[in-house]
Amino acid sequence: MIHSRIVGTGSFLPGEPVTNSDLVARGIDTSDQWIVERTGIHSRHLAADGVSCSELAEAASRRAIEAADVDPASIDLIIVATSTPDYIFPSSAALLQARLEIRNGGAAFDVQAVCSGFVYALTVADKFIRSGSHKRALVVGAEVFSRILDWKDRATCVLFGDGAGAVIVEAAERPGLLASAIHADGAYNPILCVPGSVSGGTVIGDPFLRMDGQAVFKFAVRVLGDVAQEVLTDAGLGTDDVDWLIPHQANIRILQATAKRLGVSMSRVVTTVDQHGNTSAASIPLALDLALRDGRIRAGSKVLLEGVGGGFTWGAVLLDM
Ligand code: UT7
């Protein structure tokens, strides 16, 4: 039986950290105290003008390829989870394939599930690998959310950041991906969306991120708890078996409420929202890479990834590293 395993991770954050005080200095009507108390965010990284999603994805991917010590030409599947692609088309995954100079005819496509994107993409890669159709996947979450923020809307612009995280997943005899689940309920689309499009050379509608923060908050805590239990039950494990919980990094209060609901101590939750803000599809692979590189996550650690985002979408993946 074919299984899949993560064999290397990498991540990349553009530029220097931008603190809450830096945002105040840029004229945003907010305060360090409000942002820290309501979100736990102290700083985030913002890509310079002209830096694209595929550029961030390339930097993270090169680090993952190096960590996995694999030949890029052996990667036969590239999936990029993003809501802020370089272009309408081609996909950022195809652009990433070109940047990495991979010309083996492998598949490359984007997944659009907003902040659940990485969990969706990893689940899809696992299914491709376990089917036997592909052997080695590069799965990336990469975002330049700063491009779709309304810098006059203080309720949203202080929350997000830019970045990318990547993993190499390959066919293995021993299971590395123990269970996964992905879900959506499109009826919730109005509470978190960018309700604009391009037509006839003009933006139609609103090209900025709009959010009903309190509705998102309540929804997120409920589904993150439910989907964590779902994959644990599927794998025949309990919350005590989880060494590290890596939820999507939206807000420290969502992370705390989710951990409490699951009965997991915050000392077993990887937290990056304080330094990265909400990087949407990039937040989970960024946190995974950080905790692997600093030695918290080791070979054999059980790690539960879970995401929730616009759509609404949500999902979880249970890993045996
Ligand atoms: O990936 C999923 C993405 N989204 C999320 O995870 C967001 C989930 N939601 C949240 O994290 C919270 O709802 C927020 C952090 C967005 C907002 O926190 P809240 O406790 O729900 O605040 P609120 O929206 O009820 O606003 C409270 C007050 C308002 O003032 P008044 O009407 O009470 O006078 C806002 O105008 O805070 C004000 N406010 C701000 N003040 C200073 C809103 N944004 C800011 C700001 N700085 N940046």
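**Close-up views of a two-domain chain**

**View 1. A salt bridge joins D153 and R210.** In this predicted model, the closest N and O atoms of D153 and R210 are 3.7 Å apart. How many salt bridges are counted between domain 1 and domain 2? The count there is two. Polar contacts between the domains can be counted as well: 22 residue pairs, with both partners at pLDDT 80 or more. On the domain 1 side, the elements that each supply at least two residues touching domain 2 include strands β1 (3–12), β3 (43–45), β6 (136–144) and β7 (162–172). Helices α2 (32–39), α3 (53–68), α5 (117–131) and α6 (154–157) are also among them. If you sort the residues on this side of domain 1 by character, you get 24 nonpolar, 17 polar and 10 charged.

**View 2. Domain 1 and domain 2 meet face to face with many residues in contact.** The domain assignment places residues 3–174 in domain 1 and residues 178–320 in domain 2. Taken over C-alpha atoms, the centres of domain 1 and domain 2 are separated by 14 Å. Across the boundary, 51 residues of domain 1 are in contact with 46 residues of domain 2. The size of an interface is often given as the accessible area lost when the parts come together. Here, domain 1 and domain 2 bury about 3600 Å² between them, with 62% of it on carbon and sulfur atoms. Which three residues supply more of the area that domain 1 buries against domain 2 than any other three? They are C115, V119 and Y120, which supply 17% of that area.

**View 3. Y188 and F219 form a tilted aromatic pair.** A pair of aromatic rings is described by the distance of the centres and the angle of the planes. The rings of Y188 and F219 are 4.5 Å apart, centre to centre, with 55 degrees between their planes. Where along the chain do Y188 and F219 sit? Y188 lies in the loop between β8 (177–184) and β9 (192–193), while F219 belongs to helix α7 (residues 213–235). The two residues are 31 residues apart, and their pair links distant parts of the chain. The model's count of aromatic pairs comes to five.

**View 4. R99 and E58 form a salt bridge.** Look for the closest N and O atoms of this pair, which are 3.0 Å apart. R99 is in helix α4 and E58 is in helix α3, with their positions 41 residues apart in the numbering. This pair, too, links distant parts of the chain. The count of salt bridges comes to 12.

**View 5. The peptide bond from F89 to P90 is cis.** Its omega is near 0 degrees. You can find P90 in the loop between β4 (77–81) and α4 (92–99). Another cis peptide bond joins G311 and F312, where omega is about -5 degrees. F312 sits in the loop between β14 (302–309) and β15 (313–320).

**View 6. E101 has a positive phi although it is not a glycine.** What is the phi of E101? The angle is about 55 degrees. To find E101, go to the loop between α4 and β5 (107–111).

Terms used: Residues are numbered from 1 along each chain as its sequence is written. This is a predicted model: local features need pLDDT of at least 70, side-chain atom pairs count only at pLDDT 80 or more; totals for chains, interfaces and linings use all residues. Side-chain values use heavy atoms; hydrogens and water are left out. Domain bounds come from an automatic or database domain assignment. Contact means heavy atoms within 4.5 Å. Buried area is the accessible area (1.4 Å probe) that two parts lose on being put together, summed over both. A salt bridge is a side-chain nitrogen of Lys or Arg within 4 Å of a carboxyl oxygen of Asp or Glu. A polar contact is a pair of N or O atoms within 3.5 Å; within protein, one must be able to donate a hydrogen and the other to accept it, and residues adjacent in sequence count only if both atoms are side-chain atoms. Helices (H or I, at least four residues) and strands (E, at least two) are DSSP runs, numbered from the N terminus. Ala, Val, Leu, Ile, Met, Phe, Trp, Tyr, Cys and Pro count as nonpolar, Asp, Glu, Lys and Arg as charged, and the others, Gly among them, as polar. Rings of Phe, Tyr and Trp (its six-membered ring) pair if their centres lie within 6.5 Å; planes under 30 degrees apart count as stacked, over 60 as edge-to-face and the rest as tilted.
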